[in-house]
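Q: Could you take a close look at one part of this model with me? I'd like a connected walk from the surface to the paired strands.

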Amino acid sequence: MPASVDAQKAAILTIGPHQESRATIRAVLDPDGFSIHDADAPEAAMQMLNSVTPDLVLLDFKLTGRSGLELVSSLKERLPDVPIIMITENRDMRVVVQAIRRGIYDYLTKPVNANDLRLSISQALEEKRLKDELRSLKGRLEGRVSLLDRMGSSDKVQSLVRLLEKIAPSPLTVLI
């Protein structure tokens, strides 16, 4: 697992009707230090989201009452930035395309290879981390730009802004 992904803090929600499958996933991922939460049905998963905010969702295609594809829309509405990896026996390319269009990060077929699962999770969490970092940097940049916009665009104001940028990292109090 890449060093930049902190598995000790990553929460994974597994959703699937078979206790054995969820137990196998837990056995594969427990040594990596993930915090794993299980739900056996869509309703239980949505209820769990009231108390747990996962960093990643592992979703079985076949669920009790409805398909995993149907649940994807609800999950994406509630957790737009959380990657979802779908696990299924279905190898139909139309299903894969539908899953991707609905926002699935990856699609693994059963039986799932442990290394493939770890790699997919690692890549998804790293991509999520990078997107979060980019969003944060954009927010800081927009805040900085909006400050410049509010201050004005005259040469004297721009000169003052350049001076402020130079002294801003200083721990000293500066009176202007």
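**From a surface patch to the paired strands**

A: Happy to! Leu-172 is found in the segment that comes after helix 6 (155-167). Please keep in mind that everything here refers to a predicted model. With a relative accessible area of 64%, Leu-172 is exposed, because the cut-off for that label is over 50%. Leu-172 also has company: together with Val-174 and Ile-176 it forms a nonpolar patch on the surface, and the accessible area of the three together is about 330 Å².

Now let's move to the strands, where strand 3 (residues 56-60) makes a good centre for the tour. Strand 3 is mostly covered, with 5 of its 5 residues buried. Leu-56, Leu-58 and Asp-60 point one way from the strand, while Val-57 and Leu-59 point the other way, and all of them are buried. Notice that Asp-60 is among the buried residues of this strand.

Strand 3 has a parallel partner in strand 1 (residues 11-15), and 4 bridges join the two. One pair to look for is Ile-15 with its bridge partner Leu-59 in strand 3. Strand 3 also pairs with strand 4 (residues 84-88), again in the parallel sense and over 4 bridges. Here Leu-58 has Ile-85 of strand 4 as its bridge partner. To get from strand 3 to strand 4, the chain passes through helix 3 (residues 68-78), and this β-α-β crossover is right-handed.

Back at strand 1, there is another pairing to see: strand 1 and strand 2 (residues 35-39) run in the parallel sense and are paired over 5 bridges. In this pairing, Ile-15 stands opposite Ala-39 of strand 2. The chain goes from strand 1 through helix 1 to strand 2, and this β-α-β crossover is right-handed. Ile-15 is therefore a handy residue to centre your view on, as its bridge partner in strand 3 is Leu-59 and it stands opposite Ala-39 in strand 2.

Finally, helix 1 (residues 19-29) itself. Its buried residues are Arg-22, Ile-25, Val-28 and Leu-29. These four lie on the same side of helix 1, because the arc they cover around the axis is only 120°. Turn the helix around, and the face directed away from that buried side carries the exposed residues Glu-20 and Ala-27.

How values were computed
Residues are numbered from 1 along each chain as its sequence is written. This is a predicted model: local features need pLDDT of at least 70, side-chain atom pairs count only at pLDDT 80 or more; totals for chains, interfaces and linings use all residues. Side-chain values use heavy atoms; hydrogens and water are left out. Patches are made of residues with over 30% relative accessible area and no salt bridge: like charges are joined within 9 Å, nonpolar side chains (Val, Leu, Ile, Met, Phe, Trp, Tyr) within 5 Å. Accessible areas come from the Shrake-Rupley method with a 1.4 Å probe; for residues, only the protein chains shown count as cover. A salt bridge is a side-chain nitrogen of Lys or Arg within 4 Å of a carboxyl oxygen of Asp or Glu. Buried means under 20% relative accessible area, exposed over 50%, partly exposed in between (1.4 Å probe, protein chains only). The arc is that of the directions from the helix axis to the C-beta atoms. Two strands pair if DSSP finds at least two bridges between them. A crossover is right-handed if, with the strands pointing away from the viewer, the path from the first strand over the helix to the second runs clockwise.
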